Amino acid sequence: MILRRVLIANRGEIALRILRTCRRLGIEAVLAASDADLASVPARLADRVVRLGPPPPSASYLDVDAVLAAARTADVDAVHPGYGFLSENQRLARACAEAGIVFIGPTVKQLAAVGDKLEARRHAVAAGLPVVPGGPLEDTADAARLAAEIGFPLLIKAVGGGGGRGMKQVHDPAALAATIDLAVAEAGAAFGDPRVYLERFVATGRHVEVQLIADGENVVHLGTRDCSVQRRYQKLIEEAPAPALDPALREEMHRAAVALGRHLAYRGLGTVEFLVDVDRGTFYFLEMNARIQVEHPVTEAITGLDLVAEQLAVAEGRPLSFGQADVTFSGHAIECRINAEDWARDFQPSPGTVTEALWPLGEGIRIDTHLQAGATVPPYYDSLLAKLIVHGQDRAEALVRLRGALTRCAIDGVNTNVPMHQAVLDDAEFAQGGVDTAWFTRFLRDHSATGQVTVGGTHG
């Protein structure tokens, strides 16, 4: 099937990113936008805009019926959900199929296989991947036995959680029962699913993921990304390939990711996320994300591929136009997420009107943004304003370009975390490469001690 018209059921920079590739491929791009985004840059550039509903996501971008109605109104061939919102929603994928509309993503069965953390873990084991020691908690009375097998400290994870939500650390066996009761209650309230499971807490870990593209038969990996710089499990900086990683371990991770893709007969873009246990020199499967990800540009930078175009080709039913041997990796890429928030005030969100937005230009620099002077940053959605991506012959050159590019970012009217990124780049441990997931917490603590930031305190 040749796609002629695609509904983009998302907003912000990813909507513009998808729109750009659709335009390049001669595909008509229809934007589904909430009332808060009807005057946005993506809305002004789309071939057509369909109103989704009021600004709250629950009444617009998360409303399956509203998205499907928009798709029917626009008479599109396919729906691209982007990331977040309904990007891994089985009900939308199923509704699209029933309406004869292509859902640009994996099948409903594959979404189900990786959407539930316990089911994903079961599939990973079946595909031969190592998983973090742990297991489901079917009976809270049996928690002490399972915890003793795993060892302390451990993590209690909500099956329905994600993006760092629904996780609790337990260091003291005496606190186990009460923390489980709290986690079950919170999981039921937050995710509508009270199930939790226990996992070993890896004290020194790195978040390294492998990008896959597959057509249902052929599975190709596009290398690693390191996303260890995180605050409260939210990624801030990503780079490709993962730096300071043992070559043999990297190849093992590539093979593991492809094995899971083959096991699932996967179709589309997917990312297999791993936790690298630095102390043990091994890695564990964490989860699989069945969508395009925020950090996809660093993979595009080192492979030269347009991942949205590859998504669209697979959605049309075409086989991959390349095999593993055709993928080459060039240089090093780093991405900074520029958010409307004030890191000096405990990352307080900063919605408002942007009075100036000047972005850096130059060799090896890419900006993915929907922001221009005069644009409004609404309070209803996440605070991502732009992604600054740099590419160099090696990591050292990429870091030099990133430092220069950050100094040329000029955004006024709202606060941004650009100063935080500059401080991170000045840190010797980050500059060396290969920091773990706890590094950013230590970094904040150090900068709080110097008076540069406030960490979880009151604001003066």
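1. C227 is buried, with a relative accessible area of 0%. The sulfur of C227 is 13 Å from the closest cysteine sulfur, which belongs to C336, and that is too far for a bond. This is a predicted model, and the distances here are computed from its atoms.

2. C409 is in no disulfide either: the nearest cysteine sulfur, again that of C336, is 8.6 Å away. A disulfide would need the two sulfur atoms within 2.5 Å. C409 counts as buried because its relative accessible area is 12%, and the cut-off for buried is under 20%. The disulfide count for the model comes to zero.

3. On confidence, the chain has an average pLDDT of 94, and 98% of the residues score at least 70. The exception to note is the stretch 456-460, where the pLDDT is below 50. In the model this stretch has six contacts beyond near neighbours in sequence. Any reading of residues 456-460 should keep that pLDDT in view.

4. Empty space inside the protein comes next. Rolling a probe the size of a water molecule over the atoms shows where such space is left. There are six cavities of 30 Å³ or more. The largest cavity holds about 60 Å³ of space.

5. Which residues line the largest cavity? The lining consists of D226, S228, V229, I237, E239, P243, R395, F430, G433, G434 and V435. By class, five of the lining residues are nonpolar, three are polar and three are charged. Glycine is counted with the polar group, which matters for reading G433 and G434 in this list.

6. Two strands each supply at least two residues of that lining: β11, residues 219-231, and β12, residues 234-240. Strand β11 gives the most, with three residues.

7. G270 lies in strand β13, which covers residues 267-277. Is G270 buried or exposed? G270 is buried, with a relative accessible area of 0%. Leaving aside residues up to four places away in sequence, G270 touches V210, Q211, L212, M288, N289 and R291.

8. A further point on G270 concerns A290. The two residues are 20 positions apart in sequence, yet their C-alpha atoms are 4.6 Å apart in space. The contacts of G270 include M288, N289 and R291, and on the other side of the sequence V210, Q211 and L212.

Conventions:
Residues numbered from 1 in each chain as written. Predicted model: local features only at pLDDT ≥ 70, side-chain atom pairs only at ≥ 80, totals over all residues. Heavy atoms only, no water. 1 Å grid on protein atoms, 1.4 Å probe; cavity = no way out; pocket = protein on both sides within 12 Å on 5 of 7 lines; lining within 4 Å. Points joined across faces, edges and corners; volume = space filled by probe spheres on them. Helix = DSSP H or I, 4+ residues; strand = E, 2+ residues; numbered from the N terminus. Buried < 20%, exposed > 50% of the residue type's maximum accessible area, 1.4 Å probe, protein only. pLDDT = per-residue confidence, 0-100. Contact = heavy atoms within 4.5 Å.
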